[in-house]
Amino acid sequence: MLPGQGANGQAALRAAHDRDTPLVASGPPLDYSFKELRMCAEIETEEPRSGIKKSSGPPSAGNEAKEGAEDEAEGDATAAAAAAAAAAAAAVPGPLANSRSPLATTGKPIRKVVRQVTTSVKLNNNMLESISGLQLALETVMRAPLMNLQWIDLSFNQLTTIEPELFRFVNLKALYLHGNCIKALATTEKLRKLPKLMSLTMNGNPIEASRIYRVYVIGALPNLRSLDHSTITADEAEVATAWFKAHLDRAKKREEERSFAALEED
């Protein structure tokens, strides 16, 4: 039998894999609020109010030392947790006291390094009239924005529509657009292209004045769980879905009637 093929060998390989795989946690948001930004490209030259901006060059010795100290502290904490887990497992009689704990399989605690990843960006309270170039700008300040971005705050800008640039961020879960200048209610339907979107704010836009505003948005976006910081109840979602379906049917009928009338005039 080759090394690593036995039960003990496989357990050791699993432990080695667990030891080498870093834990990933969401870091603080990159905060570019109140920067008087007029274009997304200006992000590249601005320093965020908070958050960890991606370094454009090789890591410095100071950063390496800091990261090493953080890793050491994390390793010590993990070692203590692993020792406690092993002691607890040893105290359990019977089949539950197996050899899957890190100390039992390798005799060494698993060291875990927590790697922070930026998943949220604040661009609120600026003067953006468009988000053209947002992807390229974010690529200069955070890692893999197309995959990592989950929350973006674009509130209190001067946006007039929902642009296709947003739909590139397929993992977006929360989108703040309140306090802008969006006038067309139908433009919210475009957000269906964000399959994971659960929280949306649109209040403070001209579309909010429509009497069908809330039922329309909820019906158009059935995956939403919160609109304008207000939880969408199951009953509200059911009513909105039925209303929106009827709304589409009425719109289709009106379009057919207009087309028929145009043919008769010809």
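The following exchange examines how several assignments in this predicted model are justified.

User: What makes the contact between K35 and E46 a salt bridge?
Analyst: The criterion is a side-chain nitrogen of Lys or Arg within 4 Å of a carboxyl oxygen of Asp or Glu. The side chains of K35 and E46 meet at 3.7 Å, N to O, so the pair satisfies the cut-off of 4 Å. Both residues lie in the loop between strand 2 and helix 2 (61–90), so the pair ties together parts that are 11 residues apart in sequence.

User: Why is K35 called partly exposed?
Analyst: Partly exposed residues fall between the limits of 20% and 50%. K35 has a relative accessibility of 22%, and therefore counts as partly exposed. Its partner E46, at 24%, is partly exposed as well.

User: Why is E165 classed as buried or exposed, and how does R168 compare with the cut-offs?
Analyst: Buried means under 20% relative accessible area. E165 stands at 11%, so E165 counts as buried. R168, at 44%, counts as partly exposed. The side chains of E165 and R168 meet in a salt bridge at 3.6 Å, N to O.

User: How do you know that strand 7 and strand 8 pair?
Analyst: Pairing requires at least two bridges between the strands. There are 2 bridges joining strand 7 (residues 199–201) to strand 8 (residues 226–227), so the requirement is met. The two strands run parallel, and S199 stands opposite S226 in strand 8.

User: What makes helix 6 mostly covered?
Analyst: Of the 8 residues in helix 6 (residues 213–220), 6 are buried; among them are Y213, Y216 and V217.

Terms used
Residues numbered from 1 in each chain as written. Predicted model: local features only at pLDDT ≥ 70, side-chain atom pairs only at ≥ 80, totals over all residues. Heavy atoms only, no water. Helix = DSSP H or I, 4+ residues; strand = E, 2+ residues; numbered from the N terminus. Buried < 20%, exposed > 50% of the residue type's maximum accessible area, 1.4 Å probe, protein only.
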